[in-house]
Amino acid sequence: MPETVRDVTTQDWDSLVLGSPTPVAVDFWHEQCVWCKRLDPDFASVAAEKSPQMGFYKLHVFREPDVTRRYGVQGTPTIKFFCGGREVHEIVGYRPKAALAREVDMVLANYADCLQSSTALKEA
């Protein structure tokens, strides 16, 4: 895995994802998922182009079931975007590189507004 894409676990989720000073994209995946394998090189390529503007992480859904459940991931691949520790956007299913790059650019373009105007959701 390229160094621009790192694994994230339940143990370092809060510091790497929720505590990140930049927006974050997390790819929820597992090795039996054919579409995850197809997405992987595109995710890595976009990460190489957009780092350090955005953090790029991968979370294995079966190894990290608590985070997977907390964020309601029901299918793979799912990419969730976070801004200031809050989920702001998601992609469910495979997207080719150009479409993925557009989604990343949209999150980056709205990041300043997100930080100023969004509030944290309260957990029930």
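A residue counts as buried when its relative accessible area is under 20%. Phe56, at 2% relative accessibility, is therefore buried. The model shown is predicted.

**Figure 1. The whole chain combines five helices and five strands.**
Read along the sequence, the pattern is β-α-β-α-β-α-β-β-α-α. The chain has 124 residues, and buried residues make up 43% of them. Many contacts span long stretches of sequence. Among contacts between residues at least 6 apart, 71% join residues at least 24 apart. The chain exposes about 6900 Å². Carbon and sulfur atoms supply 52% of that area.

**Figure 2. Helix H1 has buried residues along one face.**
H1 covers residues 10–18. Its buried residues are Trp13, Leu16 and Val17. Seen down the helix axis, they fall within an arc of 105°, so they line one face. An α-helix has 3.6 residues a turn, so residues three or four places apart point the same way. On the other side of H1, Gln11 and Ser15 are exposed. What do the buried residues of H1 pack against? Their partners are strands E1 (5–7), E2 (24–29), E3 (55–60) and E4 (78–83), together with helix H3 (65–70).

**Figure 3. Strand E4 is largely enclosed by the rest of the structure.**
Six of the six residues of E4 are buried, which is why the strand counts as largely enclosed. In a regular strand the side chains alternate between the two faces of the sheet. Thr78, Lys80 and Phe82 point one way from E4. Ile79, Phe81 and Cys83 point the other way. E4 also has strand partners. It pairs with E2 in the antiparallel sense over five bridges. Here Val26 has Lys80 of E4 as its bridge partner. E4 pairs with E5 as well, again antiparallel, over six bridges. In that pairing, Phe81 stands opposite His89 in E5.

**Figure 4. E4 and E5 form a hairpin.**
Two residues lie between the strands. Gly84, in the turn, has a positive phi of about 55°. Gly85 is found in the loop between E4 and E5 (86–92). Is Gly85 buried or partly exposed? Gly85 is partly exposed, with a relative accessible area of 23%. The C-alpha atoms of Gly85 and Leu18 are separated by 3.7 Å. Along the chain, these two residues are 67 residues apart.

**Figure 5. Asp27 sits in strand E2 and is buried.**
Its relative accessible area is 0%. Which residues does Asp27 touch, not counting residues up to four places away in sequence? They are Leu39, Phe43, Tyr57, Lys58, Leu59, Pro77, Thr78 and Ile79. Ile79 has contacts of its own beyond four places in sequence, including Ala25, Val26, Leu39, Phe43 and Leu100. His89, Glu90 and Ile91 are also among them.

**Figure 6. Aromatic rings pair up in several places.**
A search of the whole structure finds six aromatic pairs. One of them joins Phe43 and Phe56, edge-to-face, at 5.5 Å centre to centre and 75° between the planes. This pair links distant parts of the chain: Phe43 lies in helix H2 (residues 34–50) and Phe56 in strand E3, 13 residues apart. Phe43 is buried, with a relative accessible area of 1%. Phe56 is buried too, at 2%. Tyr71 and Phe82 form another edge-to-face pair, with 5.3 Å centre to centre and 90° between the planes. Tyr71 is in the loop between H3 and E4, while Phe82 is in E4, eleven residues apart. Both are buried. Ring pairs link Trp13, Phe28, Tyr71 and Phe82 into a cluster.

**Figure 7. Nonpolar residues gather in separate cores.**
In soluble globular proteins, nonpolar side chains tend to be buried together. The largest nonpolar core here has 17 residues. Those with the most contacts inside it are Phe43, Met54, Phe56, Ile79, Phe81, Leu100 and Val104. H2, E4 and helix H4 (97–109) each give two or more residues to this core. A second, separate core has 14 residues. Among them are Val17, Phe28, Val67 and Phe82.

Notes:
Residues are numbered from 1 along each chain as its sequence is written. This is a predicted model: local features need pLDDT of at least 70, side-chain atom pairs count only at pLDDT 80 or more; totals for chains, interfaces and linings use all residues. Side-chain values use heavy atoms; hydrogens and water are left out. Buried means under 20% relative accessible area, exposed over 50%, partly exposed in between (1.4 Å probe, protein chains only). Helices (H or I, at least four residues) and strands (E, at least two) are DSSP runs, numbered from the N terminus. The arc is that of the directions from the helix axis to the C-beta atoms. Contact means heavy atoms within 4.5 Å. Accessible areas come from the Shrake-Rupley method with a 1.4 Å probe; for residues, only the protein chains shown count as cover. Rings of Phe, Tyr and Trp (its six-membered ring) pair if their centres lie within 6.5 Å; planes under 30 degrees apart count as stacked, over 60 as edge-to-face and the rest as tilted. A nonpolar core is a set of buried Ala, Val, Leu, Ile, Met, Phe, Trp, Tyr and Cys residues joined through side-chain atoms within 4.5 Å. Two strands pair if DSSP finds at least two bridges between them.
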